[in-house]
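Trainee: Hi, could you walk me through this one? I'd like to start with how the chains meet.

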Amino acid sequence: MARMKFLCDADRCIECNACVTACKNEHEVPWGINRRRVVTINDGLPGERSVSMACMHCTDAPCASVCPVDCFYTTADAVVLHSKDLCIGCGYCFYACPFGAPQYPKVGNFGSRGKMDKCTYCAGGPEADMTMAEYEKYGANRLAEGKLPLCAEMCSTKALLAGDGDIIAEIYRERVTTRGYGSGAWGWQTAYQESINV
Amino acid sequence: MVAQSYFARITLTLAMLAALFFAAPMAGAQEPVNPTARSVQEQQLLEALQGGNAISGRVSIPDQRAADLIKPEGRNWSGTHNSTVYWTTTAVVLGMLALLTVFYFVRGRIRLEHGFAGRTIKRFNSFERFAHWLTAVCFILLALTGLNLIFGRYVLIPLFGADTFATATQLGKVVHNYIAWPFMLGIAIMLVVWIKDNIPGRIDLDWIKAGGGMLKGGGHPPAKRFNAGQKIIFWSVVLGGAALSFTGVLLLFPQLAGEPGNWQLAQLAHAIIAAVMTAVILAHIYIGTLGMEGAFDAMGSGQVDVNWAREHHSLWVAERDTAVEGEPRGHVAPAE
Ligand code: HEM
Ligand code: SF4
Ligand code: SF4
């Protein structure tokens, strides 16, 4: 089985936000929630870089470890998913997540957050694959259809890569060697406790 | 001469131009265009963080929280929550239960030295008892629903299944978040009505030196309305309750806490203080019920046996008697 990961090559990302839009549309993500976002570091300065970020589907996921109702599970592809039926909206996973991935449909006051929502790596949830029930809660299940996450699939510069960790790491390594520079595999150290050595 | 120098100058100029022409591309070859020369590198930013805050930038979506790109601290918080908080709570709560069990078997129930007199005097009026029980019931609900968030996942899911547990925990969370308010009210009332009797004094030192007369038999040291042990409980409850209220309100209204780091800190403080408070209250419950004969009545009916009062709060009884001079000593309860 593959170990699915995301990788954003910040030296290619042009901050077009197509991945953000694709994700919102593909999954009918509720208003106010962005499963993916593009953050620009050092905006307006020489050397600014944009990074597209979503849930990284961490190794030893911190969100899963703090959830009081233990509603996370890791698929055979190492995708970190959760059950909205079990979630009590306590907010713990938001505070544990290094990437701000978990979000809530309501403002946090008085513990009234509603069910947590986050990137599913286009892999749905605990419901049966590709059912309406699954779609309504978690969005499309592209992985079950044999497709990769839409954000990466439609990235015009191929800055955003999704797929087996070893393969996308190899692609990135090759790029860096060829062009001679790379600003790093953003988030990998924190998410997977490894980085790509070139 | 003139023509010669003219020629020399032209040659020199040509030579310089040629040098420029050939040198320029050579210099370029030495320094290839590197668009990333001044680019931000993740590694540098991570090192610059030194464990604090987040690597942030600008986002075009109207949610400023989304501007935090990486918050490595999240992993540490989850680690602390799952190890330090989990083990501290386990150790403190189970440790206290073990201590009380040992104490019970070694010391046994602390009995009245001279038995019951049969006459009772009023110790707590109905308002005081209301404040006590309001706080007590709220505390127990808060402690159970709170501990459930830490241990339920490991202890209760295997017993009841994930669905039932999630439903109960959802309810528990609502209970925790709403019962917090009457709890705060109870703490506030107790502070107002009892603070005057809980100012620490010299007499408390003697009481503590004598171990409160609890470790061995043979009489209790003198005490006013509250002895040093009770004062310790009072101040733990007031200060601990205030700290739990403060941190709890920050948890309830994350905006008040500000950045995520503050919320995380409040959460850890809340959990650790809750563990200590739970242990203190376990000891309090023990001594108020099983541990000491005659003690429960004070908060039950509000009336205590005169002998109990004399043994445990000799100075309070004496003060009380002078205050109500002329009346028969103590309130005479109908013989039962
Ligand atoms: C006084 C007002 C209090 C407030 C406003 C408050 C609020 C909160 C909140 C908001 C949480 C986070 C989970 C949730 O959303 O329900 C929480 C967790 C917790 N509370 Fe309280 N609480 C209060 C008092 C207490 C008391 C008296 C205790 C027990 C002695 C307690 C024990 C706990 C525990 C053990 C947790 C779980 C901590 C963890 O998961 O690590 N709380 N509280
Ligand atoms: S990125 Fe956040 S939500 Fe996703 S697996 Fe890691 S900790 Fe969990
Ligand atoms: S918000 Fe939901 S998913 Fe996140 S930790 Fe709480 S119960 Fe678990």
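**Where the chains meet**

Trainee: Okay, how many residue pairs are in polar contact between chain A and chain B?

Mentor: There are 21 such pairs between chain A and chain B, counting those with both residues at pLDDT 80 or more. Keep in mind that this is a predicted model.

Trainee: Which parts of chain A supply residues to that side?

Mentor: Strands S2 (37-41) and S3 (49-53) and helices H2 (62-66), H3 (92-96) and H7 (188-192) of chain A each supply at least two residues. The largest share, 5 residues, comes from S2(A).

Trainee: And what classes of residue are on the side of chain A that touches chain B?

Mentor: That side has 31 nonpolar, 18 polar and 9 charged residues.

Trainee: How many salt bridges are there between chain A and chain B?

Mentor: The count is 3. Arg58(B) forms a salt bridge with Asp43(A), and their closest N and O atoms are 2.6 Å apart.

Trainee: What about the area buried between the two chains?

Mentor: About 4,800 Å² is buried between chain A and chain B, with carbon and sulfur atoms giving 57% of that. In chain A, Tyr92(A), Tyr95(A) and Phe110(A) lose the most area to chain B, together 17% of what that side buries.

Trainee: New topic! Which residues have the most contacts inside the largest nonpolar core?

Mentor: Phe72(A) and Trp188(A) do, in a core of 89 residues. H3(A) gives the largest share of this core, 5 residues.

Trainee: What does Trp188(A) touch?

Mentor: Its contacts include Phe6(A), Leu7(A), Met56(A) and Ile168(A), and also Glu42(B) from the other chain.

Note on methods
Residues numbered from 1 in each chain as written. Chains lettered and ligands numbered in written order. Predicted model: local features only at pLDDT ≥ 70, side-chain atom pairs only at ≥ 80, totals over all residues. Heavy atoms only, no water. Buried area = accessible area lost by both parts, 1.4 Å probe. Salt bridge = Lys/Arg side-chain N within 4 Å of Asp/Glu carboxyl O. Polar contact = N/O pair within 3.5 Å; in protein donor to acceptor, adjacent residues only side chain to side chain. Helix = DSSP H or I, 4+ residues; strand = E, 2+ residues; numbered from the N terminus. Nonpolar A, V, L, I, M, F, W, Y, C, P; charged D, E, K, R; others polar. Core = buried A, V, L, I, M, F, W, Y, C linked by side-chain atoms within 4.5 Å. Buried < 20%, exposed > 50% of the residue type's maximum accessible area, 1.4 Å probe, protein only. Contact = heavy atoms within 4.5 Å. Lists of a residue's contacts leave out its neighbours within four places in sequence.
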